[in-house]
Amino acid sequence: MTSAPGMDFAHLHVASAYSTHYGVTLPAALAEQAAAQGASFLAITDRDGLYGAVKHVRACVAEGIRPGLGAELAVHDDECRALGRVVVLAHGHTNGRGYAALCRAVSAAHAVSDAQASSAAPSISRAQLADLAGLASLTVLLGPDSDVGLAVARRDNTDAAARLAHWQRALPADAVVLEIVCHLAESGTVGSVTPATRMLALAENANLPAVLSNAVRYGTPEEAVTADLADAARFLLPLAELETPQTNGQAWLKPAGAMRQVARMVVDAGLHDAGALERLLRHTEQLADRCSLDPEHDIGLGHPRMPEARIIGVTGDPVTELWRRATSGIADLYSASGSRAVEAAHAQLAHEMKTVEHLGFASYFLTVSRVADIIRGMGIRIQARGSGVGSVLNYALHTSSVDPISNGLLFERFLSPERQTLPDIDIDVESARRHDIYREVFRAFGSDRVSLMSMTNAYRGRGAVRDAGLALGLPDAQINVIAKQMWRFNARDFRRALEEKPELEALATEVRESQQLDLLVDLTAKLDRLPRHISVHPCGVILSDASLLDRTPVQASGMGLPMSQYDKHDMDPMGLIKLDILGVRMQSAMAHAVEEHHRLTGESIDLDRVPLDDPKTYELIRSTRTLGIFQIESPGQMELVGKLQPEVFNDLTVEISLFRPGPMKNNMPLKYLQARHGEVAPDYIHPRFEPILRETNGVVIFHEQVMRLFDELTGCGLGKADVFRRHLGKPEQLPQIEEYLREHALARGFSDKVIDQIWTVLAGFGSFGFAKAHGAAFALPTYQSAWLKTHHPAAFLSGLLTHDPGMWPKDLIVAEARVLGVPVLPLDVQSSALDYRVEDLADGSQGIRLALPELVGSTEAERARIARHQPFGSLQDFRDRVHPRRRTFEALARVGALDTFIGYDRTRRHELLAHIQSLRGTAVVIRADQLAFEVELPVPRYSGDRAGAITSLELRGRTQTDLELLDLNLAVGTHQMTRFHALFKELGVTPASELGNLPGGTEVLLAGVRRATNTPPMRGGRRVVFISLDDGTGPVANVVFFHDAQERVGGQVFQTNYMLVRGRTRRSGARGVSVTGENLWNLFDVARQVKERHAVERATAEEAASAAAYAAEVAAQAAAQSSPRTLGTLHHLGAAHSA
Amino acid sequence: MPNIIDAPVDVELSPDGDPLAFIWNRFEHTVIGQPQAVFKRTRWWENEGTPTRIDTELWRLDASRGGEEQHRYDLRRGTDGSWVLALDWG
């Protein structure tokens, strides 16, 4: 394997970009560069982990070089004294023993730090490292950052030798190797030849091998700049203030010649024997040989490992067990639909089981179904999503709740002999219960078989510009202003965005004038896409057998449970089964609605058994009042729902599938709507395609349709058809697919003309479209939430307000509640709970009580005490049992939550507040269960002379809306736009609620507060900005700004929150209307101008009046002199006044 | 104190990449012994433009012209590969 000396250099110490804020080159780029330089080996040794390990191994396999893996770890001794940082390398060709020891060492380093304090850096004890290094599993490199290296740098050779001897005693023989690093820095600084040559001498004296490394941080010298930025970000200091900046830019992946030159300089700088140079290079090469890992046998790449049968409750053969459970599931689910349905389901099951058996995935299905059972057993709502929904097996096992047969879904979209990657089943659960589920899964499977998955967060625009700005030492305020504008474009394209985006024009001018900002633009681009930090993935749970911790290093996640250092891209190659258990707030919101309904009425609603054909539900959806309904509440979706007018469940599936980037770009919505509404006749091209395309009126929307078309045309089978479908997105594959299709379709009786036509459709489909399985899985909660909104609006809205599942702010949900006749009741310490609760009102209707957590600045403990001790007899009782902090006490009084103690007499609230503010006392710590006395603490009724003296000024001139916005961030009394309504009337602003009555093309003025901004994907690629305006009169008014209007309006389109808009109405379908925006003004500016104009007009009028008065006076004098006709003059005066 | 020269020179390199000799004022100066490369970092953020390197490459070496007494020199290599005789240490 080893090539000729001098041609090849094996880098043993390399940090990839996955050493966040340290390394800056991605593993694939490093492997490619190493291979291009003629290297046959490359190790990645990321800091504190194996974050880039799987990507590195795969990149090495792709480049045909041998991978090595290690980690740079901090080590401490038995007394917890730091021993610096060392590189731990796994030995290869040990049947995975070396790799397992490395994984365990990394996990151990994190376990220690996790146990101590979250702020402590990971570190492994030398004793533990010694244990793991046993059986010749690991090599430990002691380099410049180890305690030995640091002693050498201090020129303390005696200490260095003693420390080295300690390492040799502690670790197994042959496990210790010295690492020589020289970055050709100036003499006297870190990385110069002097410490390197002394380190080499130390190795010679101790008779230990020494290897040469370059402690690599980047691939090319150009990337040293990026490493400087990484240092600034790591230390949170500007570059100019860094205490230990990198000594120079030589930590790059040098080719063999350059490394040999370094070796020569190190050897020449000291007194070494003649063979020292060749010996150093030889030892390096020998260690690389020893650390070359076999991807399959050492790392287990490509070998799936399922949990052991007994763990998933199976005693016999998993396949037999799977058959048994699935068969009984089918009997349960299909027997109501008749024997033919049962037969069809059994036939489909047999078909699916053949594939499952063939691929050996029986345990996988049992594992997922076991997890689903656990979740259901906890009484938590669960809903499968993704291509797995297309499987009858998943439906029969109760993993999924959508019937794939009646919805026309395909198993082959999920799994087939042609699709060998591990299957992926996603499970949506109530978001509020997600952590409980994780803990239960860990308990049920055992923590040695389960781990959370991590995800790598990469730099995006704002983060990149902030860190680049920090490095340059720009003022925070300046960086903030720029960061706020880094919106919806890649930092990589910063310079181009500056040239193209109208709203960035001011910034572009600044950049042209400032050298520093110009540099900032380039530096921001350098950081873009680099890994920034890892965090726990929002839904990924890894399930495996007891060998899991030998195959993945783990560290504690924020929630305490262990998290793998590998991310979703690493799962399939590592044979790790990942289950997506995603917390969906809508599921929590619906669960809350069902609970509230049960609490108030005792009735239980089983949402999963609600009939899917309720006319009133579809009526509500068709009205486009879809705010709060899952998936179809965005402005664009409202518009599409209005045009599409869904009537049956499948229409919802179609609607949701159409509103996706792919279908939108491919203009599918328009084509479908035209055919649906009979504007064009459906074109099925050939009678044999009609059964496939009938459900979408001849438009190809679903992946499943493409697969069926391929199968019908060529007889290739659905599994292969799915492979073709996926390849449609790759232009280079198209000629081959076309050739295959033409040949087989001709033989199957299709004419050239038909083939030409259908091929145009298929090739145009590309990677667009959507899996119907996804669409159907989304459509179910869409329907369920619409059903709740239709039949139980108060309970449903209380769920929405509690769990905040959608895109709209709570103000708008409150406004929607008001429109639906469900008042949101103000905060009240007597009845507000920790969540939003439905209250039966005296008039027989229902209201929703504001929840305590909305009170800004209140603590969880205070709120819990309020909820626990309700109701309260008096203010004294409240104070004694709740013991609120002053701030909370006053805020409660201000918003009226204590009005109960003044008989709900709002006019007395200022007395109450003044009273509370006048109370003096010392701070006390109280226990949760402290007893209190029930005594009166009446609010004195101030009146008469003293009334003026005690009014709390805080309430003066403030409306209830002001107070609510201040302390709750949410106005429930009246809408915050109400104060502008007089202005709107004067300006002739059309209320949002009236918009639907106007014909298309009407010029209108709209005004309101911005509730949402969307830049949905658009055909043609030109950005379109949707702004949803709320003026308090009803649902939001959606304004669309096209490119020309954006140029006119500039940055205001994103920056102004209270606005007046001029535009024209645009009808969309029977019910929908939106406005094409032409211009936009800041509402406050407008209000000020109107006020100024009024002032001017008043002044003019007064001037005119006084002029008239003067004239009158003159006239009167004249008249007095001539004739007494004062009446007419007085009349004149009055007219001038009224003007 | 060294003399600041700052003159472009032609440098002859060994197969390993070390300077063997340089031509300054039409005279060839032959390198004696092992030259040492040193990379000195710059405070690039204080300069104009975005840098491609963060350090400058200097070679400190002893050389003599013909049989004359040897001097110590600093040669600087630019990112484009061109050489400048920076200092003559005497």
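Which residue in strand 9 of chain A does A:Ile382 stand opposite? The legends below describe close-up views of a predicted model, and the first of them takes up this question.

**View 1. Strand 8 of chain A beside strand 9 of chain A.** The residue that A:Ile382 stands opposite is A:Val429, which belongs to strand 9 of chain A. Strand 8 (residues 382-385) and strand 9 (residues 426-430) of chain A run antiparallel, and four bridges join them. Within strand 8 of chain A, A:Ile382 and A:Ala384 point one way, while A:Gln383 and A:Arg385 point the other way, and all of these residues are buried.

**View 2. The side of chain A that touches chain B.** In this view, 24 residues of chain A are in contact with 18 residues of chain B. Two or more residues on the touching side of chain A come from each of helix 8 (224-235), helix 9 (256-268) and helix 20 (515-527) of chain A. Helix 9 of chain A gives the largest share, which amounts to five residues. Sorted by class, the side of chain A that touches chain B holds 10 nonpolar, eight polar and six charged residues.

**View 3. Chain B on its own.** The secondary structure of chain B consists of six strands and zero helices, so that, written from the N terminus on, its elements read β-β-β-β-β-β according to their order. The C-alpha trace of chain B spans about 45 × 35 × 20 Å along its principal axes. Of its 90 residues, 27% count as buried, and among the contacts in chain B with a separation of 6 or more, 41% are between residues 24 or more positions apart.

**View 4. Chain A as the setting for the remaining close-ups.** Chain A has 47 helices and 22 strands, and its C-alpha trace spans about 135 × 80 × 70 Å along the principal axes. Buried residues make up 49% of the 1139 residues in this chain, and residues 24 or more positions apart account for 72% of its contacts with a separation of 6 or more. The mean pLDDT of chain A is 87, with 92% of its residues reaching 70 or more. There are stretches to read with care, among them residues 944-949 of chain A, over which pLDDT stays under 50 and for which the model has one contact beyond four places in sequence. Over residues 1123-1139 of chain A pLDDT also stays under 50, although for this stretch the model has 18 contacts beyond four places in sequence.

**View 5. Helix 28 of chain A and what covers its buried residues.** Helix 28 (residues 668-676) of chain A has as its buried residues A:Met668, A:Pro669, A:Lys671, A:Tyr672 and A:Leu673. The cover over these buried residues includes helix 25 (635-644), helix 26 (649-658) and helix 27 (661-665) of chain A. After helix 28 of chain A comes A:Gly678, whose phi is positive, near 75 degrees.

**View 6. A:Ala153 in helix 5 of chain A.** A:Ala153 lies in helix 5, which covers residues 147-153 of chain A. Because a residue is buried only from 20 other C-beta atoms within 10 Å and exposed at 12 or fewer, A:Ala153, with 18 such atoms, is partly exposed. Leaving aside residues up to four places away in sequence, A:Ala153 touches A:Pro144 and A:Pro195. A:Ala153 and A:Ala196 are 43 residues apart in sequence, and their C-alpha atoms are 8.8 Å apart in space.

**View 7. Loops of chain A with backbone angles to look at.** Most residues other than glycine have a negative phi, and most peptide bonds are trans. A:Cys80, however, has a positive phi near 65 degrees, and its place is in the loop between strand 2 (66-76) and strand 3 (82-90) of chain A. A:Cys80 counts as exposed because it has 10 C-beta neighbours inside 10 Å. A:Asn207 has a positive phi near 60 degrees and is found in the loop between helix 7 (193-206) and strand 7 (210-213) of chain A. With 7 other C-beta atoms within 10 Å, A:Asn207 is exposed. A cis peptide bond, with omega about -10 degrees, joins A:Gln870 and A:Pro871, and A:Pro871 has its place in the loop between helix 37 (860-869) and helix 38 (875-882) of chain A.

Notes: Residues numbered from 1 in each chain as written. Chains lettered and ligands numbered in written order. Predicted model: local features only at pLDDT ≥ 70, side-chain atom pairs only at ≥ 80, totals over all residues. Contact = placed C-beta atoms within 7 Å. Nonpolar A, V, L, I, M, F, W, Y, C, P; charged D, E, K, R; others polar. pLDDT = per-residue confidence, 0-100. Pairing = 2+ DSSP bridges.
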